[in-house]
Amino acid sequence: MSKNIVLCGVGGQGTILASKLISGAAMNKGIPVKSAETIGMAQRGGSVFSHLRLGDDVDCPMIASGSADIIIGFEPGETVRMLPYLKKGGQVIVSSRPVMPVTAALAGSNYNGSEMLDYIRNKVEKVIVIDTEKACKELGSAKIVNLLLLGAAVNSGALGLDDEDIRKVIRTKIPERFHELNFKALEYAKKCSH
Amino acid sequence: MHQEFLMGNEAIAMGAIAAGVNLVAGYPGTPSTEVLETVAKRRPQDTYVEWSINEKTAMEVGAGAAYTGARVMVTMKQVGLNVATDPLMSLEYIGVKGGMVVLVADDPGPISSQTEQDTRHFSRFSKLPCFEPSTVQEAYEMVQDAFEYSEKYRTPVFLRSTTRVSHGYASINVKDEGEYKHNKPEGFIKDTKRWVIFPKLSYQAHINIEARNVELSKDFSSYPKNLLLNVEGSEFPKKGIATGGFNYTYVSEALKSLGDVRLLKVSTPHPFPEELAVKFLTGLDEVICIEELDPVIERELIYIAGKYQLPVKVYGKLTLDVKNSGENTLDSVMGNLTKFLGVKPPENAALTEADMAEMPELPVRPPVLCAGCPHRASFYAVKQAMKGKKTLFAGDIGCYTMGNAMPLDMVDTCLCMGAGLGIAQGVDHIEPDTSCFAFVGDSTFFAAAIPGVINAVYNQADMTLIVLDNSTTAMTGHQPHPGTGQTMMGDVVNKVSIEKILKGIGLEFVETVNPLDYKKSVETVKGAAALPGVKAIIFKSPCIAIVKFDKSLSVDHEKCINCRKCIREIGCPALVIRDDKVVIDDSLCTGCGLCSQICPVGAIGGDHHE
Ligand code: SF4
Ligand code: SF4
């Protein structure tokens, strides 16, 4: 098995934790992992990404355009930015909640991400849009966007990992008091995956 | 041996620990910072580790330890090496007793740096040997090799990495603790002929260095991490690719779809493995060099081709066949190689070119000061206090460089660590009617600003120094420094007081203010600016990333007149527009209260921090 995964979003949204969970789950199954991510100034509200490559025959942690099996987008505009990486038939998981850049607020723009979501739906066949804002309200926590997207990604089959793989890594990598909430988020994501 | 999933920088640290490193000193700088942090976290008890106040000091601390026979690693980013140049250039002439590895992380792009300088060039200039890993696993092993070579040839050596190696992750094989080397330093042995640099000694040392580097070049030709691949069975028998460092992984990834091509992988860019390169070049008509930053491999190959009269054409940055600035990518390298080999690139993208053309305009996201960042309040106070006056706002290196963004627009210059002080003085001497300010963070103050303050006092400049004291080194991920009173050995020590330093230098006006108190801040700036001589204001309030906040403010839409002053004036990421109304994003707001103090109708409220 070999999988190329792109996670993207805005600095501070928690893409790194999601990437850690995926790599942890893969390594538990004995699958070698290579990854690369944005560290540095862009983490302060800039565009950030993680590239993750699972499998044996991998030399470079970065992904070439047109070769990602799946893009997990924490923000609609950032997901569009990464779409050139998607391969034909690849899967997109995207949170519908926009993050307005300060520049847009200053210019009085009404950026709300809908134009971005339309473009993704138009151009990509396999898309799952998660209304993370609604989900966070229903589940009573703003800190589970990660798990919602991850849950949907697992469910799509494009990660090559299953629900139990993710639960297992959550049990070892995340403090126990969050387990129940995280598992709920995974369940919730299953429901919106269709 | 066991497996660990490590970041390149963590692997370098673990490699140094496995090599029995006794002392590690450095100064934080992206992309090098995690090396020292990891040593601090995972070190055996008797390993000493410190954040020095700057790279020059780190290099000197390292030199002293290496004189005793200790194994030493000194860490920094590429521009940090400029600061450490003075001791390092001389140290190469003196040499070391214990192994000394100077880890320098270069930053092609640049992603988080002022320059795209190339440490491989620096290695040539300083005559130090240089190692360059391609992968996380190789970084782990190479740092151990570097210690051996350093001791064998009694010279400090560079380990040069780049952002993608330093910040890439991989599951790699690492040694168990039982396999670690232990190095017991012999101690410093007095010998003025050895440790005191004089012109006569330098001349003799220079002769030895030149001879040694010739020997090293031979030695490196058989260094197993310098690779010559696919000499037989290449699908393009007259063509070759030369590469090194992270770019090797781009090339080998590309060759999976393009087929085998004769390949030279250079892991010791200096001294260059000449004999190996001759073997590589012999029989080829054309070679392309895939490397980042400067055309180092390319120039070496051209030189060798000339020296040995090999009829081979070398392509690369000098011939403009490979881009000569910025980062390479898998795509750019694939483009270079397909053109060079005359083949077609594989295509499998979901988006067609027509799709790309239809892409909606993407949001632009320059990095910005966090919501609640105290620097925003400090900049805003100075801006308001000096409104309408002729001013210069000299900035510096740190999170506060982002004070340049609209709408604050409060950074007129930024050059290098600590330069703002000198720049403010230079402008002041030529334009006495300009009110000159230098902004400097607390960590930068200790690292590079103190001589500038003394210079200003001594040379009678008129300027105001603004110290933005947020009690941490924020930009690089919150390292302690002399003002925080914590060390990397876990000790709590006396804090070095910025205020006392400034008073000790002789400044009469030194005021410490909380920048989140808007009125008082503006008044203090006005007062300071009106005085002659060198004045200082210390804006003291912690970085929001190191303290906990549980309150956030909200906009009372009954009172709000939708004037947008809050958004227009301070540009806080927590202030957003939804359905044409200003709202506060409660996932970002820290309750700093700056916006509530500038709203003309008092519409922003909630519990704000005093
Ligand atoms: S990390 Fe700290 S200093 Fe840097 S922008 Fe954020 S609040 Fe300001
Ligand atoms: S400054 Fe006050 S009144 Fe004006 S938009 Fe902001 S909250 Fe509303």
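User: Where does B:Asn230 lie, and what is the sign of its phi?

Analyst: B:Asn230 is placed in the loop between strand S9 (227-229) and strand S10 (239-244) of chain B. Strands (E, at least two residues) and helices (H or I, at least four) are DSSP runs, numbered from the N terminus. Although B:Asn230 is not a glycine, its phi is positive, at about 55 degrees. For most residues other than glycine phi is negative, and most peptide bonds are trans.

User: What kind of model is this, and which limits apply to it?

Analyst: This is a predicted model, in which local features need pLDDT of at least 70, side-chain atom pairs count only at pLDDT 80 or more, and totals for chains, interfaces and linings use all residues; side-chain values use heavy atoms, with hydrogens and water left out. Residues are numbered from 1 along each chain as its sequence is written, while chains are lettered from A and ligands numbered from 1 in the order in which they are written.

User: How is the confidence in chain B known?

Analyst: The score is pLDDT, the predictor's confidence in each residue, from 0 to 100. Chain B averages a pLDDT of 95, and 99% of the residues score at least 70. The model scores ipTM 0.92 and pTM 0.94.

User: Which peptide bond is called cis at B:Pro407, and what is the omega of the cis bond at B:Pro110?

Analyst: The bond from B:Met406 to B:Pro407 is cis, with omega near 0 degrees. B:Pro407 belongs to the loop between strand S14 (391-394) and helix H17 (419-430) of chain B. The cis bond that joins B:Gly109 and B:Pro110 has an omega of about -25 degrees, and B:Pro110 is found in the loop between strand S5 (100-106) and helix H6 (119-126) of chain B.

User: What makes S20 and S21 of chain B a pair?

Analyst: Two strands pair if DSSP finds at least two bridges between them. Strand S20 (residues 575-578) and strand S21 (residues 581-584) of chain B are joined by four bridges in the antiparallel sense, so the requirement is met. B:Ile577 has B:Val582 in S21(B) as its bridge partner. The hairpin of S20(B) and S21(B) has two residues between the strands, and B:Asp579 takes a positive phi near 50 degrees there.

User: Why are S3 and S6 of chain B called edge strands?

Analyst: They belong to an open sheet of six strands in chain B, in the order S3-S2-S4-S5-S7-S6, with parallel pairing. Strand S3 (48-51) and strand S6 (130-131) each pair on one side only, which is the mark of an edge strand here. Within the sheet, strand S2 (residues 23-26) and strand S4 (residues 72-77) of chain B run parallel and are joined by four bridges; B:Leu23 stands opposite B:Val72 in S4(B).

User: Why is the site of ligand 1 called shared?

Analyst: A residue is near a molecule or strand if one of its heavy atoms lies within 4 Å of it. The residues around ligand 1 include A:Arg44, B:Cys370, B:Cys373, B:His375 and B:Cys543. The site is shared between chains because residues from chains A and B surround ligand 1. The shell divides into seven nonpolar, three polar and one charged. Ala, Val, Leu, Ile, Met, Phe, Trp, Tyr, Cys and Pro count as nonpolar, Asp, Glu, Lys and Arg as charged, and the others, Gly among them, as polar.

User: Where does ligand 2 sit, and which residues come nearest to ligand 2?

Analyst: Ligand 2 sits in the second largest cavity. To sit in a cavity or pocket, a molecule must have more than half of its atoms within 2 Å of the grid points. A cavity is a set of points on a 1 Å grid, over the protein atoms alone, where a 1.4 Å probe fits but cannot get out; a pocket is an open set with protein on both sides within 12 Å along at least five of seven lines, and lining residues have an atom within 4 Å of a point. Of the 13 residues around ligand 2, B:Cys560, B:Cys563, B:Arg564, B:Cys566 and B:Cys599 come nearest.
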